[in-house]
Amino acid sequence: MPAALAAWDVDHVPLALAWVFIRLWVNCTFCDVRDVEGDADAGVRTVPVQLGREGSLTFLRQVNAATGAALLAWAAADGAPLPSTAAHVASVAFTDLYLCRAARGGDLEGLTAVGCDGELIVSA
């Protein structure tokens, strides 16, 4: 069971599930960045097709920062356990690192594999 679900009572499950959904969405959308040309050619309307590579990476960094801020606000308001909160803050920081690297022209194949999988490992 993820730390976010184990540490809080049942009232927090919807928030924890929203957190997981957003984190997975950021990862999946990042994976779409490397396929933007193929998706555009196939007529698939992904976020990267709509916003372009740089626009998508900027948007993903903004979503990532917002979820990090929301996590800290939730933790501060609710007295969330430090180990769980720290793990998820580390996950947000890790994601920002690979999004920044991608924005600076990093290898998307390698960043997708290491970044997306690495975030899930950091979060667990």
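Let's start at Val26, which touches Leu60, Val63 and Thr95 when residues up to four places away in sequence are left out (contact means heavy atoms within 4.5 Å).

Val26 also belongs to the largest nonpolar core, a group of 12 residues that includes Phe30, Leu57, Tyr98 and Cys116. Such a core is a set of buried Ala, Val, Leu, Ile, Met, Phe, Trp, Tyr and Cys residues joined through side-chain atoms within 4.5 Å. Buried means under 20% relative accessible area, exposed over 50%, and partly exposed in between (1.4 Å probe, protein chains only). The elements below each give two or more residues to this core; helices (H or I, at least four residues) are DSSP runs numbered from the N terminus.

| Element | Residues |
|---|---|
| Helix 2 | 13-33 |
| Helix 4 | 47-78 |
| Helix 5 | 82-103 |
| Helix 6 | 108-123 |

Another core, of five residues, lies apart from this one, with Ala16, Trp19, Trp74 and Val92 among them.

A word on the model: it is predicted, with local features needing pLDDT of at least 70 and side-chain atom pairs counting only at 80 or more, while totals for chains, interfaces and linings use all residues. Residues are numbered from 1 along each chain as its sequence is written, and side-chain values use heavy atoms, without hydrogens and water. The chain averages a pLDDT (the predictor's confidence in each residue, from 0 to 100) of 81.

Back in helix 2, the buried residues include Arg23, Asn27 and Thr29 as well as Val26. The buried set lies on the same side of helix 2 because it covers an arc of only 170 degrees around the axis, taken from the directions from the helix axis to the C-beta atoms. Pro14 and Phe21 are exposed on the other side.
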